[in-house]
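I opened the notebook to look up what packs inside this protein and what lines its pocket. I began by fixing the terms, and then I went through the model.

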Amino acid sequence: MGKVYVFDHPLIQHKLTYIRKKGTGTKDFRELVDEVATLMAFEITRDLPLEDIEIDTPVSKATSKILSGKKLGIIPILRAGLGMVDGILKLIPAAKVGHIGLYRDPETLKPVEYYVKLPSDVEERDFIVVDPMLATGGSAVEAINSLKKRGAKSIKFMCLIAAPEGVEEVKTAHPDIDIFIAGLDEKLNEKGYIVPGLGDAGDRLYGTK
């Protein structure tokens, strides 16, 4: 059964405040998202398996630990998810990066897959799907669907800000998925924006409207 983790680390919460602030410009916003993604990656990788190896230090031989070769994949949901990728790669540079593009059908308002490019060894990787916002949950659910139907067995979802409605949507559709959140907010408004949220993450990352 998947769990929901809301991070209370002081550095994450401090930086998240400046991400939320209306007056934070594009450059600072982008840098802060990158930094919070790195801090979240530190937490999300806490359970990676280790193995012992023999090494020579400058003083003596020693038994020490390294990661046991678990293959990782980062999957940003286009386009805003791209803003979190480099921050994660700083800690796990050997991870491969796939991409999932979704658009909202104007009639059904449901997300529709338009682009998927994944590492070739999908079944062997632990995937982290990243998107700054978990609002209605529709995009997250569809992105996880895209991975599962291509053979992915191990998936986590990571976001900066989530609304309770989105969390419930993902938990209902994918009860096996762990969800990692920097800030769990109050609600969605009538336009589907998270309250208090941070506005449109894609627009604030890339200076568009």
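Before listing any neighbours, I noted that contact means heavy atoms within 4.5 Å. This is a predicted model, in which local features need pLDDT of at least 70 and side-chain atom pairs count only at pLDDT 80 or more, while totals for chains, interfaces and linings use all residues. Residues are numbered from 1 along each chain as its sequence is written, and side-chain values use heavy atoms, with hydrogens and water left out.

**Entry 1: the pocket.** I looked up the largest pocket (on a 1 Å grid over the protein atoms alone, an open set of points where a 1.4 Å probe fits, with protein on both sides within 12 Å along at least five of seven lines; lining residues have an atom within 4 Å of a point). About 960 Å³ of space lies in this pocket, a volume being the space filled by probe spheres set on the points. I found 35 lining residues, and the closest to the centre are R104, D131, M133, A135 and S139. Helix 4 gives the most to the lining, with six residues; helices (H or I, at least four residues) and strands (E, at least two) are DSSP runs, numbered from the N terminus.

**Entry 2: the record.** I checked the unreviewed UniProt entry, whose "binding site" annotation covers residues including R79, R104, D131, S139 and D200. The lining of the largest pocket takes in R79, R104, D131, S139 and D200, among others from this set. I keep in mind that annotations may be inferred rather than shown by experiment.

**Entry 3: two residues.** Are D131 and S139 buried or partly exposed? D131 counts as buried because its relative accessibility is 11%, whereas S139 is partly exposed, with a relative accessible area of 29%. Here buried means under 20% relative accessible area, exposed over 50%, and partly exposed in between (1.4 Å probe, protein chains only). D131 lies in the loop between strand 8 and strand 9, and S139 lies in helix 4. Leaving aside neighbours within four places in sequence, S139 is in contact with I77, L102 and P111, while D131 touches residues including I77, M84 and M158.

**Entry 4: the core.** I then turned to the largest nonpolar core (a set of buried Ala, Val, Leu, Ile, Met, Phe, Trp, Tyr and Cys residues joined through side-chain atoms within 4.5 Å). This core has 36 residues, of which I19, M40, I88, M158 and L160 touch the most other members. Helix 2 gives the most to this core, with eight residues.
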